[in-house]
Amino acid sequence: MTEFAQTLIHWWRQNGRKDLPWQRNKTAYRVWVSEVMLQQTQASTVVPYFERFLARFPSVRRLAKASEDEVLEYWTGLGYYRRARHLRMAAIEVVEKHAGQVPTDVDALTSLPGIGRSTAGAIAAIAFRQTATILDGNVRRVLSRFYAISGKRGTAKTEKQLWARADANTPTAHVDLYTQAIMDLGAIVCVRANPKCPLCPIANECKAHQQGREHAYPSVARRRPLRVRHARFFVVINGQGACLLKKRPPHGVWASLWSPLEYPQSASVAALSEDIGLRTEMISKTVSRPHFRHAFTHYQLEIEPIYIFLHGSCSEIVLSRDLRWHRPGDKAEFGLSAVTVKLLEEIEGSGA
């Protein structure tokens, strides 16, 4: 075991996080769900979602039996919904191909939807104590600073260097503790902004710290300003205060989630009327609300909400598997996009 690994394990035993919900009653399934939720999301955010998700889907078999809508319902608000869809698909594969048992080795794990090399390594190391390497965002930051690896993230050369350092330091003994330790060090000490170097057990040997250039690592490519797309959302509300929602396609933005009807920026109420069978005499009033933006990874969506208030229940509008009424404040037994949650809250707040 390298001195690096020994130092981190010793530090973790005294200072690491040990009371997170997935660390209690530890099973491979619980570790797997937590690792997927923790992708691009902080532990403090994940905790309540993890607890609700596990209460609803306490086993891989229960998750495999769930509908996509049910799984997305319990993911609403956590973002990156592809993770939830992949998690359900992977659970189905575990039941069908592995007799309901989470695979123990990295190759079998990476064959499942949504599980990459690092996530597979974390599951194998933490749940099964298999010698397996991880390289998540926290670990990248620790290794980049400790070894002063300055290449841009994502390039083949940088990835090769980081994985080599990660492999070299991954021990065969106490691999579960080491894996927890290096993730925790990155999460609570070697943080992105204002790293807490006086608390770091490896600061004296850290090259970035020696240089006084902690903020230079890992090197991040300069991002171009995000392009802006425009869309018009028709928020149709009937006389009972229910909002008309449409299930989005299984691919693309907010795949399989429910939202008000989205149209191009130039679309008129006439286009909506033609699509859903809305007649002029059914409309009580139409209200335009201020535009707002929702940020995605590669662009921003500028949304113009148009609220259309209708008379009565509007039973003339033919519903389908992909079109339904939902009253704000009622429990949604399906997944909602973040924008939908915002728009529904505005309806509820206005007393419509």
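Start the tour by selecting Pro 218, which sits in the loop between helix H12 (207-211) and strand S1 (227-237). Keep in mind as you go that the model is predicted. Now show the backbone from Tyr 217 to Pro 218: this peptide bond is cis, with omega near -10°.

For a second backbone detail, jump to Gln 40, in the loop between H2 and H3. Check its phi, which is near 65°, a positive value in a residue that is not glycine. Why pause at these two spots? Most residues other than glycine have a negative phi, and most peptide bonds are trans.

**Two packed helices**

Next, colour helix H2 (residues 28-37) and helix H8 (residues 117-128). Two packed helices are described by the angle between their axes and the distance between the axes. For H2 and H8 the angle is about 145°, and the axes are 9 Å apart. The crossing of H2 and H8 is right-handed. To see the contact itself, show side chains on both helices: H2 brings Ala 28, Val 31, Trp 32 and Glu 35, while H8 brings Thr 119, Ala 122, Ile 123, Ile 126, Ala 127 and Phe 128. By class, this contact of H2 with H8 has eight nonpolar residues, one polar and one charged.

**An aromatic stop**

The structure holds 14 aromatic pairs. To look at one of them, select Phe 53 and Trp 75, an edge-to-face pair with 5.7 Å from centre to centre and 85° between the planes. The pair links distant parts of the chain: Phe 53 belongs to helix H3 (residues 43-56), and Trp 75 lies in the loop between helix H5 (68-73) and H6, 22 residues apart.

**Into the second largest pocket**

Now select Gly 79, Tyr 80, Tyr 81, Arg 82 and Arg 85, which lie nearest the centre of the second largest pocket. This pocket holds about 900 Å³ of space, and 27 residues line it. Two elements give two or more residues to the lining: helix H6 (82-97) and strand S6 (292-295). Which of the elements gives the most to the lining of this pocket? Highlight H6 to find out, since the helix contributes six residues, the most of any. If you colour the lining by class, you will find 11 nonpolar, 11 polar and five charged residues.

**Two cavities**

Finish with the enclosed spaces. How many cavities of 30 Å³ or more does the structure hold? There are two.

For the largest cavity, select Arg 145, Cys 190, Cys 197, Cys 200 and Cys 206, the residues nearest its centre among the 14 that line it. The space in the largest cavity comes to about 110 Å³. Helix H9 (residues 137-147) supplies the largest share of its lining, three residues. The lining of the largest cavity divides into 10 nonpolar residues, one polar and three charged.

For the second largest cavity, select Ala 132, Thr 133, Ile 134, Val 139, Ala 166, Thr 170, Tyr 178, Thr 179 and Ile 182, which line it. Its volume is about 40 Å³. Here the largest share of the lining, again three residues, comes from helix H11 (residues 175-188). Colour the lining of the second largest cavity by class and you will see six nonpolar and three polar residues, with no charged ones.

Terms used
Residues numbered from 1 in each chain as written. Predicted model: local features only at pLDDT ≥ 70, side-chain atom pairs only at ≥ 80, totals over all residues. Heavy atoms only, no water. Axes fitted to C-alpha atoms, helices over the stretch in contact; angles between N-to-C directions. Helix = DSSP H or I, 4+ residues; strand = E, 2+ residues; numbered from the N terminus. Left-handed = near helix turned anticlockwise from the far one by under 90°. Contact = heavy atoms within 4.5 Å. Nonpolar A, V, L, I, M, F, W, Y, C, P; charged D, E, K, R; others polar. 1 Å grid on protein atoms, 1.4 Å probe; cavity = no way out; pocket = protein on both sides within 12 Å on 5 of 7 lines; lining within 4 Å. Points joined across faces, edges and corners; volume = space filled by probe spheres on them. Phe/Tyr/Trp six-rings, centres within 6.5 Å; stacked < 30°, edge-to-face > 60°.
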